[in-house]
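Trainee: Got a minute? I'd like to go through a new structure with you.
Mentor: Sure, put it up and ask away.
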Amino acid sequence: MRKLTTALLAGLVVTAGASAALAADKTEISVARFFGACEADYGSVTDVTKANGECGIITALINKFNAESTTTTVKPEIVEWPGYDQLTARIRSGEPPVISVMHEAVISDYSSRGLLEPLDEDFAKAGIDVNDMTDASRQGVTKDGKIYAMPFDTHTWLWHINMNLFKEAGLVDEAGKPILPKNTDELFAQAEQFKEKTGKPYFISTLANETAFYTRTFDTLLYQQNVDFFADPNKVNFSSPEAKGALQLLADIFTKDLTTKNQDYAASVSSFAAGEGGVFICGTWLIDTYDQESKKDGPLANGYAVTAFPQIYPGSPRVWADGHSWVLLKQDLSDAQRASAIEFMKFLWDNNYEWARTGHLPVRKSIIDSAEFKGLPHRDDIASLAVNGTALPSAVKRQFSIQEIEGEEVGSAMRGDKSVDEALTDAETRINELLANAK
Amino acid sequence: MTDATLSPGKAVAAVKRPTGASIGPRWTNALFIAPYMVFYLALLVYPLFKGIWMSMLESDMFDDTSKFTGLANYYRLFNDKIFIGTIWNTVLFVLMTVPVFVAIGLLLALALNRSDRTSASLRAIFFGTSVLSVTIVTIIWKMMYMPGNGAIASIMKLFGLEPIAFITSSSLALPAIAITTIWWIIGLPMMLFLAALQQIPGELYEAAALDNASRWRSFWSITLPSIRRTMLVVVIYEIVAQFQLFGQAQLLTQGGPNNASRPIVQFIYEQGFRSWNLGYAAAASEILFLIMAVAALAQFFASRKRVEE
């Protein structure tokens, strides 16, 4: 008995030692990402099909990669969205992460300064077929003829709808579809009707502490009127009557109390789930979250719909869009680290369908055309976004700073702190000043 | 034997006495302050002049092709509506907070200048907030200010009142940040005043009591003159500290709405780290340095004059 115990203990020690040695042999790479932290729920989940939402799926994907890879360990570094200030500081101090998530709109600022590694050759060696990339995603990661990132998704701006409240407001047609406005008059009429019948605002909007809502909605309204506000990539033009009309529309929505007014992102996301308004204008990434919510008891129970941004101007169905991607930061990497980084990118490429379950559009044509993707909830309702999603021209520098300034000024006018004319002039002046001094 | 004739206006040379000892400057003594001087020069003087130099460059964070542009960055700053707005916001914030730090800090110190257990506990509680990080403080106050289900909104709803949108209103955003800041670091001025109050000899108050002086008279004629130097320290320290407002504004309001709560340091941060425009950010830093120096010196000279009178 004693001998048996000794043998078992020795076996355990040898096994533990071998595991430790194996772990020590793996190459560790740091991966900076946003999408939130949810270790409590998904910290040990390696079955990605059991994860939901952006945070859950990316956490499970990394767990799965770490469990399966025999050569690489990914060390996630979670940053607050959008994380570029931190990334900039880390690059400047010579300690960047190996891989970082990056919006496609931002890539050119970093790639033009030689801060990112071109990836064409690595992708070819790893067997990543760049011809399978959708046009939007390939354009998004290609700068000066080279691919600088692994595209991960295309995301756009759309309407999340509480069908239970829409029914109460009499805004559902015979086919069970939401009745949506086709012009600005209908928008106000339906929003007033909704408010009168439900006692709640038509819109839930993220108007506090971030500028994304203002910029993305305003850009979409300009695209719908075929306004080319960056005809010259070095100069923005907001002096058109269409821009004035779009901003006045947002200001009117605010002054007529047709929207929630003081919610930040977290508050507005939970406010929609709590049934405090009819329409939440936000992005593709919440589709899966709200779809799951609609399967539970609560204000969204069996009553969630999603639709592309309704065309309320007669010009075009185009809508604001961007994409998440993964970049390899230029630094003194060993061959093993670089190989590990590409191995992780290949894993993300192979698992792009799982990420598309969030609601984002996949970056692979083969997945978009697959029955599996088409079978996901609500994908028919937003199929048009793959064609109509519109990013700023890639020649426009400092796109994130521009969007911040634009959002601040649009927000000032919408909230009534400034006149529409003054806000448009200030936005134009500030952005053009930024571009005039941008290298 | 060496000797030297000293005359006014001439540099003092080392004089060797017959015993071998010398009078006058011995440069080896400078070694005593050398460690301090090295750090002072490397970490304060050098960055100061480097900053001044950078403010005259058109310089990008990641581009090594900086170009000398003279005072162009300063000219651009004074034509920048956002920057002018940040100066006004910052000055307003200093005016909102520094007098309150002095008044409430002194009141708390007077109230808690006792040796009983309750006072000791309250002193620890009031000072306790100062050890929190700015992130924790802003999370706490966000939960207080949230108009939907924040603590203040809930209390107002209990009384049937409409919740106030503190951080999304352009007129209330800066006062909201000021309240947060006062709550956060009121402990330090309180402690400084407490230390000063405990240095005042008890005999002075006994003599005043014998002369039948009122409490107000004792405070005005004994306490205030005795802590005047501490008050000067508190005022100058708080002026310098509050001009550097950043974290609370960045995390609570992001400078909005409509630039109503954006301080100078946030502007510098945004220009440097978001727009990568280091020369422009450096020029704004120099302006902030000048404003802080002028404000602190003005307070210093004004207080010294009063002390001399």
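Mentor: One thing to settle before we start: two residues are in contact if their C-beta atoms, placed from the backbone, lie within 7 Å. Also, keep in mind that this is a predicted model.
Trainee: OK, how many residues does the contact take from chain B and from chain A?
Mentor: Chain B puts in 21 residues and chain A puts in 24 residues. On the chain B side that touches chain A, nine are nonpolar, nine polar and three charged.
Trainee: Switching to chain A alone, what domains is it divided into?
Mentor: Domain 1 covers 2–154 + 323–383, and domain 2 covers 156–321 + 390–436. Taken over C-alpha atoms, their centres are 31 Å apart.
Trainee: And how many residues of each are in contact?
Mentor: In chain A, 22 residues of domain 1 meet 21 residues of domain 2. On the domain 1 side, α3 (53–68) and α5 (104–111) of chain A each supply at least two residues. The largest share there, five residues, is from α5(A). By class, that side of domain 1 of chain A has seven nonpolar, nine polar and six charged residues.
Trainee: What about the largest nonpolar core, how many residues has it?
Mentor: It has 173 residues, and those with the most contacts inside it include W326(A), F344(A) and A284(B). Helix α14 (residues 278–308) of chain B gives the most to this core, nine residues. Domain 1 and domain 2 of chain A each add at least three residues to this core.
Trainee: Which residues is W326(A) in contact with?
Mentor: Setting aside neighbours within four places in sequence, W326(A) contacts I99(A), V101(A), A149(A), M150(A), F152(A), M345(A) and L348(A).

Definitions and conventions:
Residues are numbered from 1 along each chain as its sequence is written. Chains are lettered from A and ligands numbered from 1 in the order in which they are written. This is a predicted model: local features need pLDDT of at least 70, side-chain atom pairs count only at pLDDT 80 or more; totals for chains, interfaces and linings use all residues. Domain bounds come from an automatic or database domain assignment. Helices (H or I, at least four residues) and strands (E, at least two) are DSSP runs, numbered from the N terminus. Ala, Val, Leu, Ile, Met, Phe, Trp, Tyr, Cys and Pro count as nonpolar, Asp, Glu, Lys and Arg as charged, and the others, Gly among them, as polar. A nonpolar core is a set of buried Ala, Val, Leu, Ile, Met, Phe, Trp, Tyr and Cys residues joined through C-beta atoms within 7 Å. A residue is buried if 20 or more other C-beta atoms lie within 10 Å of its own, exposed if 12 or fewer, and partly exposed in between; C-beta atoms are placed from the backbone.
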